[in-house]
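I opened this notebook to record what I looked up in one structure. The entries follow the order in which I made the queries.

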Amino acid sequence: MHVPVLHIILPCYNEEEALPITAKRLTELTDDMLAKGLIAPESRIVMVDDGSKDATWSKISEICGADSRFEGIKLAHNAGHMNALWAGMTLSVDRCDALITIDADLQDDVNAMYGFLEEYGKGADVVYGVRSSRKTDTAFKRNTAQLFYRGMRRMGVDLVYNHADYRLLSQRATRALLSVGEVNKFLRGMVPLLGFKSAKVYYERGVRVAGESKYPLKKMLAFAMDGITSFSNKPIRWVLLTGIIFALLGVVMAVYTLASLISGHSVAGWASIMMSIWLIGGVQLIALGIVGEYVGKIYMETKRRPKFILEEHITNA
């Protein structure tokens, strides 16, 4: 039986408080996996510093110096969560049979990795870590998450419900994913499009081991907008439909205005006209904003800027 070389990739942004705890947990986990013969000794834990402003890189360097199974990747600037994952996968794919991505706060249950490896051994190229419930979330976050998944499904985007970026990818699945040339990356939508055999492992999500959440409401909204505009053109079609509806309403208002003028009650129509102007003006601005999002995506794709810039790589390979 082939024992796989596994790389565990953790994107890190201002995680100096969490990293010592995270490193300890992953050390214990990989020790147990090695003892049980689930992973090869060449397996690594790769921490990607996504341009942190605190002492995250110092902590990573310290951890790597103390244990040769850890590797550190330092990006030259804050490239974003998706690009940090991309950097880790790019630098690991040639040296592993499979990789697992997980956030550095370890809210996702690391013990689910045993299930990941079991499904991988059965032939799955992609294994999704799926939350069994959202009882640890606030009511607001729980409801907005459900709204997001339902909205994406209605737009024709194939997402795994309650799955974030905790997953296992085989080497060939990772290569296929990295071959995608998109600048605007939405991995939760891109991975299902690969089409490889997949499986799901369910787990209970916990609380952060330390530090604060790196996904406030502003980032969550931006993330949702990226997901929608990267995988669906339905919003533009809705803009067209809305334009048609308001054009018809404009005809109705024109008839109403003429009728008011003929009957001698033109002053009474002033409020309706003003409301129409404001309403249609607002719709136009919203429509321009939606179209602008797509134009912006096209603009970024045509620039072909690098997804990340590597500043330093600590490896004991």
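The entries below go from model confidence to the sheet, its crossovers and the salt bridges.

**Entry 1: confidence.** I noted that this is a predicted model. I looked up the mean pLDDT of the protein and found 80, with 70% of its residues reaching 70 or more. I then asked where confidence is lowest and where it is highest. The lowest mean, 61, belongs to helix α8 (residues 217-231), and the highest, 96, to strand β4 (residues 98-101).

**Entry 2: the sheet.** I traced the strand order and obtained β7-β5-β6-β4-β1-β2-β3-β8, an open sheet of eight strands with mixed pairing. At its edges I found β7 (198-203) and β8 (310-314), each of which pairs on one side only. I recorded an average twist of 20° from one strand to the next.

**Entry 3: strand pairs.** I went through several neighbouring pairs. Strands β1 and β4 run parallel and are joined by four bridges; in that pairing I8 stands opposite I100 of β4. Strand β1 (residues 6-12) also pairs with β2 in the parallel sense, over six bridges, and I identified V48 in β2 as the bridge partner of P11. On to β3 (residues 70-75): five bridges join this strand to β2, and the two run parallel. Here D49 stands opposite K74.

**Entry 4: crossovers.** I followed the chain through β1, helix α1 (residues 19-35) and β2 and registered a right-handed β-α-β unit. From β2 the chain crosses through helix α2 (residues 56-66) to β3, and this β-α-β crossover is right-handed as well. I also examined helix α3 (residues 81-92), which lies across β1, β2, β3, β4, β6 (163-170) and β8. I noted that α3 runs at about 150° to β1.

**Entry 5: burial of β2.** How many residues of strand β2 (residues 44-49) are buried? I found six of its six residues buried. In a regular strand the side chains alternate between the two faces of the sheet, so I checked the faces separately. R44, V46 and V48 lie on one side, I45, M47 and D49 on the other, and all are buried.

**Entry 6: salt bridges.** Side chains of opposite charge can pair when their charged atoms come close. I searched the whole structure for such pairs and obtained 10 salt bridges.

I began with R69 and D31, whose closest N and O atoms are 2.8 Å apart. R69 lies in the loop between α2 and β3 and D31 in helix α1, so the pair ties together parts that are 38 residues apart in sequence. Is R69 buried or exposed? I class R69 as buried because its relative accessibility is 17%, under the 20% cut-off. D31, at 38% relative accessibility, counts as partly exposed. I further noted that D31, D67 and R69 are linked in a network of salt bridges.

Next I looked up K74 and D49, whose side chains meet in a salt bridge (3.7 Å, N to O). The pair links distant parts of the chain, with K74 in strand β3 and D49 in strand β2, 25 residues apart. I found both K74 and D49 buried.

Last, I recorded the salt bridge between the side chains of E118 and K122 (3.6 Å, N to O). E118 is partly exposed, with a relative accessible area of 48%, whereas K122 is exposed because its value is 52%, over the 50% cut-off.

Terms used
Residues are numbered from 1 along each chain as its sequence is written. Side-chain values use heavy atoms; hydrogens and water are left out. Buried means under 20% relative accessible area, exposed over 50%, partly exposed in between (1.4 Å probe, protein chains only). Two strands pair if DSSP finds at least two bridges between them. A crossover is right-handed if, with the strands pointing away from the viewer, the path from the first strand over the helix to the second runs clockwise. pLDDT is the predictor's confidence in each residue, from 0 to 100. A salt bridge is a side-chain nitrogen of Lys or Arg within 4 Å of a carboxyl oxygen of Asp or Glu. Axes are lines fitted to C-alpha atoms, for helices over the stretch in contact, and angles run from 0 to 180 degrees between N-to-C directions. Contact means heavy atoms within 4.5 Å.
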